[in-house]
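This report walks through one protein chain, from its core outward. Please keep the sequence and the model open while reading.

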Amino acid sequence: MIINIKNFLLLACLSVTTFTLASELKFDKAEISQIVAPEIENLEFEFSFKTSGKDNVSIISVSPDCSCLKDLKADKSEYKAGDKGKITGLFATAGMAGAQNKKIFVKTSSSEVPQILNLKFEVQEYLKISPKVVFASAAEDKASIIRINSFYDADISNFKIETGYANVKLELKEGTSKNKFELHIKALPETKPGRATINIAYTTPDAKTKSYTVYAMIR
């Protein structure tokens, strides 16, 4: 079989040119990483892009992998070559704590495969409490301790500690360094075995009250 080298090279060049000119969304960055302060309930985010190629590009859909990503939208549905645009949304932090990795899938008219945008958030908590469950016994002299770390400056007056369990002594003390506290739990001699539910009410810097629950297993 005889191959016409000139025609073969011409077709190859045309293929490469066609591929190069295929329109697509070129995002300034495809990943956002951010620390989220505890008082933020809805965090706004934005992905900016510019269209490349020679054809118009339509955004068919913008889909999240989590219901915590809300109000996802592009600033318009169709873009000409060289147009700039953005995709915006909200990250709802309710029930979230610690590292959160989320994805957004952007389907366009230029590709069957969606483009993926990544969101990496570290959601801070007002309080870090550990452990959430301790064991206590009237036969033991030492109190069981739950450690509390506050994200913001705080003192003992920011806390209210309560339990409805009879004969359990609760005492909140300053910890070894700033914004660290210790909840000392002691079962008194007449305490009956069972589970003591302890409520920790914390007043935030913006005067909101956040409630946390820990438990003491009385033996």
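## Nonpolar cores

The model is predicted. Its largest nonpolar core has 24 residues. Phe45 and Ile104 have the most contacts inside this core. Eight strands are named as giving two or more residues to the core: E1 (24–27), E2 (31–36), E3 (42–52), E4 (57–64), E5 (69–74), E7 (84–92), E8 (98–108) and E9.

Which residues does Ile104 touch, neighbours within four places in sequence aside? The contacts of Ile104 include Phe45 and Phe47. Val62, Ser63 and Pro64 are also among them. So are Leu69 and Leu72. Gln115, Ile116, Leu117 and Leu119 complete the list. Another core, of 23 residues, lies apart from the largest one. Among the residues of this other core are Tyr126, Ile148, Phe159 and Ala196.

## Overall fold

The protein chain has one helix and 17 strands. It holds 219 residues, and buried residues make up 33% of them. Take the contacts between residues at least 6 apart in sequence: 62% of these join residues at least 24 apart.

## Strand E9 and the loop after it

Val123 belongs to strand E9. Its relative accessible area is 5%, which is under the 20% cut-off, so Val123 counts as buried. Neighbours within four places in sequence aside, Val123 contacts Val36, Phe91, Thr93, Met96, Ala97, Gly98 and Gln100. Val123 and Ile40 are 83 residues apart along the chain, yet 9.1 Å separates their C-alpha atoms.

Gln124 sits in the loop between strand E9 (115–123) and strand E10 (127–130). Is Gln124 buried or exposed? Gln124 counts as buried, because its relative accessibility is 16% and the limit is 20%. Outside its neighbours within four places in sequence, Gln124 is in contact with Ile35, Val36, Pro38 and Phe151. Val36 thus appears in the contact lists of Val123 and of Gln124.

## The largest pocket

The largest pocket holds about 370 Å³ of space. It is lined by 20 residues, and those closest to its centre are Pro38, Thr93, Gly95, Met96 and Lys210. The lining comprises 11 nonpolar, four polar and five charged residues.

Some of these names have come up already. Pro38 is a contact of Gln124. Thr93 and Met96 are contacts of Val123.

## The disulfide

How many disulfides does a search of the whole structure find? The search finds one. This disulfide joins Cys66 to Cys68, with an S to S distance of 2.4 Å. The link is right-handed, with 135° about the S-S bond.

Cys66 has a relative accessible area of 14%, and Cys68 has 6%. Both values are under 20%, so Cys66 and Cys68 are buried.

## Backbone details

The peptide bond from Ser130 to Pro131 is cis, with omega near -5°. Pro131 lies in the loop between E10 and strand E11 (133–136).

Asp71 and Asn179 each have a positive phi without being glycine. For Asp71, phi is about 55°. Asp71 is in strand E5. The relative accessible area of Asp71 is 55%, over the 50% mark, so Asp71 is exposed. For Asn179, phi is near 65°. Asn179 is in the loop between strand E14 (168–174) and strand E15 (180–187). Asn179 counts as buried, because its relative accessibility is 12%, under 20%.

Terms used: Residues numbered from 1 in each chain as written. Predicted model: local features only at pLDDT ≥ 70, side-chain atom pairs only at ≥ 80, totals over all residues. Heavy atoms only, no water. 1 Å grid on protein atoms, 1.4 Å probe; cavity = no way out; pocket = protein on both sides within 12 Å on 5 of 7 lines; lining within 4 Å. Points joined across faces, edges and corners; volume = space filled by probe spheres on them. Nonpolar A, V, L, I, M, F, W, Y, C, P; charged D, E, K, R; others polar. Disulfide = S-S within 2.5 Å. Buried < 20%, exposed > 50% of the residue type's maximum accessible area, 1.4 Å probe, protein only. Helix = DSSP H or I, 4+ residues; strand = E, 2+ residues; numbered from the N terminus. Contact = heavy atoms within 4.5 Å. Core = buried A, V, L, I, M, F, W, Y, C linked by side-chain atoms within 4.5 Å.
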